[in-house]
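Please open the model in the viewer and keep the selection tool at hand. The tour below proceeds by selection, with a short account of what is found at each stop.

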Amino acid sequence: MAKPAPNRPLRPATLLVRGGLMRSNVDETSETLYLTSGYVYDSAQQAEQTFTGEVQHFQYSRFGNPTVQMLEERLAQLEGAEACRATATGMAAVSSALLSHLKAGDRVVAARALFGSCHWIISTLLPRYGIQTEFVDGGDLEQWKTAFKRPCQLVLLETPSNPMMELVDLTAVCEMAHEAGAIVVVDNVFATPLLQRPMKFGADVVVYSATKHFDGQGRVLGGAVLGSKKWVEEVLQPFIRNTGPAISAFNAWVILKGLETMHLRVPAMCRSAAAIAQMLEEREEVECVHYPFLASHKQYALAKRQMAAGGTIITFDIKGGKAATFRFLDALRVIDISNNLGDAKSLITHPATTTHSKVPAEDRARLGITEGSVRLSVGLEDVADLIEDIATALDAAAGNTAAPRRKSAGRMVVEETAEAPAAPAKAARGGKRKAAPADAPAPAHAAKAAEPDLFAEAMQGLFSDPETTPAPKPTKRRQKA
Ligand SMILES: Cc1ncc(COP(=O)(O)O)c(C=O)c1O
């Protein structure tokens with residue numbers, strides 16, 4: 001049995017480690033993984049009473065599971081929401097929130113800047129059921145105001161949006177939406193509850209892809225819907241129970257363990273993202289940088305009001321169109337090309353040809369997604385390594401250096417040189433450093449003097465005050481002799 005919770009509010013870091021913990025009668029330390037699809041009853045009467053609701057008892061893991069319940073309780077406490085239901089994916093969370101609330105004849109108002117699959121649900125799926133949507137530019141309050149002149153049942157928005165980092169003024173839009181009779185559903189994936197809690201600004205429902213920062217290590221899919229107890233129990237739960245977008249207990253358990261470190265991971269990723277965004281602004285190969293906490297962001301004041309930090313994601317445009325952008329992506333050696341985000345590994349995406357390729361070209365253009373736009377999800381690597389990787393790849397994009405070949409699968413392999421093959425031990429350890437010519441071995445003491453002590457420098461950086469430490473500049477790393 002877990003100890004009773006203290007009679008005072010707990011801070012986010014504590015909630016992320018302990019929120020929702022339910023210990024079994026063997027008093028385990030770690031959250032238990034209840035990998036079971038069903039449950040047994042002591043008697044036929046207990047089974048009957050469970051189904052009538054007179055007795056509280058788990059029935060079937062499509063409706064409820066103790067591991068999943070721990071995750072739901074932890075997320076509800078973190079968000080400051082009355083109730084939560086976890087789902088198999090972020091898209092299951094979005095579609096459950098929408099389809100459970102809406103009916104034929106209803107009208108939705110949505111910010112145009114939505115993740116590709118959310119855009120598909122709104123513009124392709126909902127009309128099949130007689131639900132129409134009006135899209136507005138999320139940053140333009142006049143457009144919201146005009147859209148709310150007609151009755152509306154639901155608002156869907158992302159802030160910051162994927163991928164262009166456009167913000168929506170939550171207080172203003174929630175106020176107008178409520179007057180029009182709508183509930184506001186906020187997809188808060190990019191901000192995470194650590195940077196922004198939309199319910200504080202009036203949102204009714206918050207949805208997440210737990211696949212991203214909650215797991216944070218790129219392992220499992222998951223999602224969550226949070227709202228009032230009444231809405232979750234009366235509107236959402238019957239839909240989830242009967243349509244079955246349930247998360248597996250295993251995935252819920254992985255996400256619970258991921259949450260335990262989210263308050264360490266996300267701020268570190270945000271610090272690196274801010275440093276990279278600054279560096280990108282100084283590069284002439286870069287057309288523009290979209291990052292909420294850059295003073296150049298068109299909604300900088302709103303970002304400062306609404307968010308605790310700028311986030312872990314930066315979108316920027318590379319000059320020279322698709323060809324230069326692909327040269328840049330292919331020249332990266334630390335950052336991986338992937339359409340995922342929120343991972344410990346830095347990942348980069350070309351939205352126009354991947355995540356947003358199904359969004360009609362004119363809508364993409366309207367959102368500002370060009371052939372040169374790339375979305376960078378900043379991970380937990382040393383920021384100096386990321387900055388060096390980006391700087392080298394930007395040189396390649398501009399044609400200032402030959403783009404090195406991108407290696408498949410194992411990736412961090414030593415580039416073979418004509419002179420000598422790389423030693424396998426070094427390849428496994430790290431790297432990209434070129435193998436020394438076989439005919440010029442340097443003595444060990446000379447190598448020590450030439451190589452800066454990257455490990456010691458990095459550790460110093462890790463423990464220095466981020467407020468007063470300037471962002472590292474890309475350095476030309478000396479080759480190991
Ligand atoms: C903003 C946003 N919402 C929802 C989703 C969907 O999440 P999932 O892939 O877990 O279904 C994503 C996925 O990238 C996303 O970026």
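Begin with the open sheet of 5 strands in this predicted model. Its strands follow the order 8-9-12-11-10, and their pairing is mixed. Select residues 286-290 and then 336-337: these are strand 8 and strand 10, the edge strands, each of which pairs on one side only.

From strand 10, extend the selection to strand 11, residues 347-349. The two strands run parallel and are joined by 2 bridges. Within this pairing, Asp336 has Leu347 of strand 11 as its bridge partner. Next, add residues 262-281, which form helix 11. This helix packs on the sheet and touches strand 8 as well as strand 9 (313-318). The direction of helix 11 makes about 15° with that of strand 9.

**A pair of helices**

Select residues 321-331, helix 13, together with residues 383-397, helix 15. How are two packed helices described? The description uses the angle between their axes and the distance between the axes. For helix 13 and helix 15, the angle is about 145° and the axes are 8 Å apart. The crossing of helix 13 with helix 15 is right-handed.

To view the contact itself, display the side chains of Ala324, Thr325, Arg327, Phe328 and Ala331 in helix 13. On the helix 15 side, they meet Thr392, Ala393, Leu394, Ala396 and Ala397. Sorted by class, the residues of this contact are 7 nonpolar, 2 polar and 1 charged.

**The second sheet**

Move now to the open sheet of 7 strands, whose order is 1-7-6-5-4-2-3, again with mixed pairing. Strand 1 and strand 3 (132-136) are its edge strands, and each pairs on one side only. From one strand to the next, the twist averages 20°.

Select strand 7, residues 223-227, which runs antiparallel to strand 1 and is joined to that strand by 5 bridges. Here Ala83 has Gly227 of strand 7 as its bridge partner. Strand 7 also runs antiparallel to strand 6 (residues 205-209), with 4 bridges between them. In that pairing, Val207 is partnered by Val225 of strand 7. Adding residues 229-243 shows helix 9, which packs on the sheet and touches strand 1, strand 6 and strand 7. The direction of helix 9 makes about 25° with that of strand 1.

Is strand 1 enclosed or open to its surroundings? Because 4 of its 5 residues are buried, strand 1 is largely enclosed by the rest of the structure.

**A covered helix**

Select residues 249-259, helix 10, where 9 of the 11 residues are buried. Among these buried residues are Trp253, Val254, Ile255 and Leu256, and also Asn251. Display the surroundings as well: the buried residues of helix 10 pack against helix 1 (12-18), helix 3 (66-79), strand 1 (83-87) and helix 11.

**The whole chain and its confidence**

Finally, zoom out to the chain, which has 18 helices and 12 strands. Of its 481 residues, 44% are buried. Among contacts with a separation of 6 or more, 72% join residues 24 or more positions apart.

Colour the chain by pLDDT, which averages 88, with 84% of the residues scoring at least 70. Then select residues 408-447, where pLDDT stays under 50 and the model has 39 contacts beyond four places in sequence. Residues 477-481 likewise have a pLDDT below 50, and this stretch has 14 contacts beyond near neighbours in sequence.

Terms used: Residues numbered from 1 in each chain as written. Predicted model: local features only at pLDDT ≥ 70, side-chain atom pairs only at ≥ 80, totals over all residues. Pairing = 2+ DSSP bridges. Contact = placed C-beta atoms within 7 Å. Axes fitted to C-alpha atoms, helices over the stretch in contact; angles between N-to-C directions. Left-handed = near helix turned anticlockwise from the far one by under 90°. Nonpolar A, V, L, I, M, F, W, Y, C, P; charged D, E, K, R; others polar. pLDDT = per-residue confidence, 0-100. Buried ≥ 20, exposed ≤ 12 C-beta atoms within 10 Å, placed from the backbone.
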